[in-house]
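Hi,

Here is the structure I promised to pass on. Have a look at it first, and then read my notes below.

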Amino acid sequence: MPAGARTRPRVTRTRSSVSRSCSMPPRRRSRSSTGPRGSTRVLVAPSPPSPLPEGEGEELLSWFRAQGWTPFPFQLEAWAAYARGQSGLIHVPTGAGKTYAAYIGPLAEVARHRQKGLQILYVTPLRAVSRDIELALNAPLSALDADITVESRTGDTSSSVRRRQRERLPEVLITTPESLSLLLCNERAHELFASLRCVIVDEWHELLGSKRGTQVELALARLRRFSPALRTWALSATLANLDEAARAAVGPHVTPAFIRAGLDRPVRVETLLPDSVDAFPWAGHLGFSMLRKVADWLDPERSTLLFTNTRSQAERWYEGLRFLHPEWEDILALHHGSIDREARERVEGGLKDGSVRLVVATSSLDLGVDFGPVERVVQVASPKGIARTLQRAGRSAHRPGATAQLLFVPTHALELVEMSAAREALAHGEVEPRAPLRQPLDVLAQHLVTCALGGGFTRDALLAEVRDTLAYQQLSEEDFDRTLVLVTEGGPTLRAYPQFRRVQRLEDRYVVADTRVARLHRLNVGTIASNASVELRYLKGARLGTVEESFVSRLRPGDTFLFAGKRLEFRLMKDLTAYVRAAKERASATPRWSGGRLPLSGSLATAVRRTFHAVRHGHFDNAELEAARPVLEAQARLSRLPSRDACLAELCQTREGHHLFLYPFEGRLVHEGLAALLALRLTRLQKATFSLAVNDYGLELLTSSPFPFEEALRPALFTRERLVEDILESVNLGELARRQFRDVARVAGLVLPGLPGARKSTRQVQASAGLLYDVFARYEPDHLLLAQARREVLEQHFEQVRLVSTLERLEGTPLECVHVPRPTPLGFPLVVERIGATVSNESLAERVERMKERWLREDSLSA
């Protein structure tokens with residue numbers, strides 16, 4: 001082969017279909033192409049009689065046909081359900097036309113009645129997609145002889161448009177959960193929303209299970225009171241618990257309609273196989289060794305999204321591709337949520353017009369934006385969940401019937417097993433459920449102030465309204481009244497401080513009379529909690545984006561780092577702004593953002609256990625497992641492969657001490673709680689000090705003194721009795737709850753980041769929240785927000801519900817206890833995880849290589 005010739009990397013291909021059931025069969029079609037967002041160009045036989053009302057409904061169908069489209073059966077079914085006065089959930093594959101399925105029915109009704117004022121509200125979780133949605137919702141208006149206006153209302157809307165919308169809203173409005181809450185703060189909210197006919201909530205799976213979803217539930221309940229005939233339609237492509245999800249959107253007292261499509265949305269999964277794998281796998285060790293193979297696989301003429309799981313990883317992969325192919329400078333781009341909005345919009349525009357063809361991105365491009373030209377998707381590292389895999393694959397070939405193409409790129413050898421398991425789970429449609437939150441009282445406290453601002457409320461009426469949500473259906477009068485006292489008096493502990501009296505009672509109505517309270521509330525509406533960020537600017541003033549304050553606080557003048565694909569040199573920090581200049585030398589660091597490590601989902605964890613069980617019985621059924629064979633055979637030789645019907649435990653002694661490795665395969669968060677719990681229970685049997693390490697596959701307990709692990713590993717060790725009490729004792733829950741309380745207190749409005757131009761630093765916000773935490777803990781230990789902070793720690797940090805089911809499984813499952821001469825391929829990543837957290841003047845890679853050499857030498861001597 002000539003020098004410098006490019007070789008095509010080894011790729012394994014498998015095609016799987018993810019289909020949804022439907023009461024009407026899919027139509028046979030000769031060809032298809034994409035129209036505006038939510039539409040589908042399909043050449044088929046004439047459609048059945050129109051489910052739309054006469055008049056403008058027929059004009060809309062004529063408009064469809066004029067575009068060369070024919071509605072899918074599920075779209076016709078959705079329009080008919082709306083015409084019958086129903087609310088519900090439209091659950092169809094990505095790119096199939098959900099938007100027009102939900103929109104055309106209410107649009108026909110609006111055109112027929114010819115009323116002014118807001119009548120259709122479209123809620124999206126991402127304000128970045130509002131412009132795309134606005135274009136799609138405007139498109140059918142050309143067929144109607146009606147004065148209908150479509151506008152957006154998000155954080156990016158100009159002040160002049162917002163002022164006009166405070167007086168009168170357009171007939172069709174696109175907004176976000178936060179902007180919807182702001183609109184409900186208008187004292188004329190009842191008047192503005194009284195004409196509302198339909199609310200469409202897009203990407204419902206993205207909101208469900210978060211406080212943003214609860215915020216939307218409360219807003220929808222209020223809108224139903226303003227407009228009793230209101231119909232609600234939620235849209236999603238990746239949900240398992242459809243009934244629960246639908247009832248969260250339409251309200252618990254409404255029987256929802258379900259619209260599904262029998263559309264075949266094939267997903268072709270490919271895996272880029274490494275040339276070789278190491279029998280000592282650890283997270284990221286393949287890392288950049290796969291970079292050149294990915295670069296060889298990419299075709300600059302074919303539009304491709306490269307997804308990573310973290311912003312830091314995106315920065316490094318973008319820099320690596322740019323280094324390997326400087327000629328791609330004009331067509332290669334980087335996109336993540338911390339980059340300045342204008343820069344992100346340029347990338348999005350380039351994807352749409354084809355001038356940008358290769359984009360390294362995070363979840364910032366997971367949802368909503370319809371990039372028709374994108375042909376392929378690359379997933380660097382395991383996506384950690386089936387729904388996320390489907391969502392990202394669906395970004396390619398974004399049209400019905402077209403095959404979505406996804407390339408997996410492993411970053412360590414065991415991810416080959418994970419990817420094989422993900423393919424199997426995809427083939428069986430094992431998508432994770434998204435459970436709505438139950439009774440987050442901080443969100444309720446914020447909503448009470450919103451309602452008091454938005455015209456006021458009476459106690460009994462608002463309690464009934466709040467109970468018209470799935471989240472608060474079982475809310476007790478006592479908890480409602482305690483939350484009401486929190487916003488009116490600050491609660492028993494803060495009654496003496498006027499700043500906490502945000503809502504006043506005037507006769508039987510609760511209102512906000514203080515203009516400063518009103519202004520602060522409007523500026524801080526929302527439930528998104530994250531570490532405080534600082535602006536990143538050049539010394540000359542141009543804005544680059546934001547980074548977390550904790551990262552900048554560790555920098556010294558002269559330190560260099562990568563951000564937004566640029567090499568930057570830190571110069572100074574002033575007024576929560578970090579000033580930088582272009583760096584001449586190579587960057588030495590990449591910002592790290594908290595929350596970047598995704599835990600293994602329940603569905604994928606189950607599939608991984610099944611895959612290991614199959615391999616244990618000799619089934620190397622695909623190229624990924626064949627590629628991972630050296631690691632899997634080393635695991636079987638040193639110990640044994642995990643079984644679906646048992647839990648593997650490994651015991652060994654090294655220079656570091658005595659190790660217990662346990663492999664439940666339940667995800668990092670569950671293992672964190674389980675490791676702390678087991679350490680506590682083991683020390684009750686014999687005094688010991690344990691070092692802990694966890695990853696998605698298992699956990700390690702290390703002690704310097706001999707410990708009778710084998711005798712202790714009995715079913716009673718995994719009992720669910722006194723679980724919460726033992727967790728409270730085993731971890732520093734007080735400190736974790738203190739940190740969590742900062743976010744709870746911010747959402748509830750007790751701690752605010754401040755006003756524009758006078759924002760508080762993380763340290764100031766944490767100090768304020770810490771003072772409140774200490775006061776409540778001392779004088780009001782049963783405070784409702786303290787209790788919520790503790791609950792959130794248990795659920796968010798340890799996935800308590802999943803931890804309970806894991807203990808139940810382990811208690812009833814045989815343990816396979818194996819003595820091993822050294823950490824096995826499954827145990828080695830846990831050792832690396834632990835030593836990576838220790839301070840050393842050696843790099844992690846140097847320490848890992850030294851360990852490997854020692855163990856290989858010991859293996860050869862023992863042989």
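**Strand E8 and its neighbours**

Let me start with a pairing: E5 and E8 run parallel and are joined by four bridges. In that pair, valine 123 sits opposite valine 201 of E8. Before going further, please keep in mind that this is a predicted model.

E8 also has a partner in strand E9 (residues 231-236): the two run parallel, again with four bridges joining them. Here cysteine 198 stands opposite arginine 231 in E9. Which way do the residues of strand E8 (residues 198-201) point? Cys198 and Ile200 point one way, Val199 and Val201 point the other way, and all of them are buried.

**Just before E5**

If you walk back from strand E5 (120-123), you reach the loop that links it with helix H3 (98-113), and arginine 114 is in that loop. This residue caught my eye: arginine 114 isn't a glycine, yet its phi is positive, at about 55 degrees. Is arginine 114 buried, exposed or partly exposed? It counts as partly exposed, because its relative accessibility is 48%, and the partly exposed class runs between 20% and 50%.

H3 itself packs against helix H2 (residues 73-83): their axes come within 8 Å and cross at roughly 35 degrees. The crossing of H2 and H3 is right-handed. From H2, the contact is made by Phe74, Gln75, Ala78, Trp79 and Tyr82. H3 brings Lys98, Tyr100, Ala101, Ile104, Gly105, Pro106 and Glu109 to it. Sorted by character, the residues of this contact between H2 and H3 are eight nonpolar, two polar and two charged.

**A five-stranded sheet further along**

Next, jump ahead in the chain. In what order do the five strands of the open sheet lie? The order is E27-E28-E26-E25-E31, with mixed pairing. Its edge strands are E27 (691-694) and E31 (815-819), each of which pairs on one side only. From one strand to the next, the twist averages 15 degrees.

Within this sheet, have a look at strand E26 (residues 657-663) and strand E28 (residues 699-703), which pair in the antiparallel sense over five bridges. A handy place to find the pair on screen is leucine 662, which stands opposite leucine 699 in E28.

**Another arginine with positive phi**

Arginine 722 is also worth a click. It lies in the loop between helix H26 (709-712) and helix H27 (723-730). Arginine 722 has a positive phi of about 55 degrees, although it is not a glycine. As for its surroundings, arginine 722 is exposed, because its relative accessible area is 52% and exposed means over 50%.

**The whole chain**

Finally, some overall figures to put these spots in context. How many helices and strands are there in the chain? There are 33 helices and 31 strands. The chain has 863 residues, and 59% of them count as buried. The area it exposes is about 34700 Å², with 49% of that supplied by carbon and sulfur atoms. Looking at contacts in the chain with a separation of 6 or more, 75% are between residues 24 or more positions apart.

Over to you!

How values were computed:
Residues are numbered from 1 along each chain as its sequence is written. This is a predicted model: local features need pLDDT of at least 70, side-chain atom pairs count only at pLDDT 80 or more; totals for chains, interfaces and linings use all residues. Side-chain values use heavy atoms; hydrogens and water are left out. Two strands pair if DSSP finds at least two bridges between them. Axes are lines fitted to C-alpha atoms, for helices over the stretch in contact, and angles run from 0 to 180 degrees between N-to-C directions. Buried means under 20% relative accessible area, exposed over 50%, partly exposed in between (1.4 Å probe, protein chains only). Contact means heavy atoms within 4.5 Å. Accessible areas come from the Shrake-Rupley method with a 1.4 Å probe; for residues, only the protein chains shown count as cover. A crossing is left-handed if the near helix is turned anticlockwise from the far one by less than a right angle, and right-handed if clockwise. Ala, Val, Leu, Ile, Met, Phe, Trp, Tyr, Cys and Pro count as nonpolar, Asp, Glu, Lys and Arg as charged, and the others, Gly among them, as polar.
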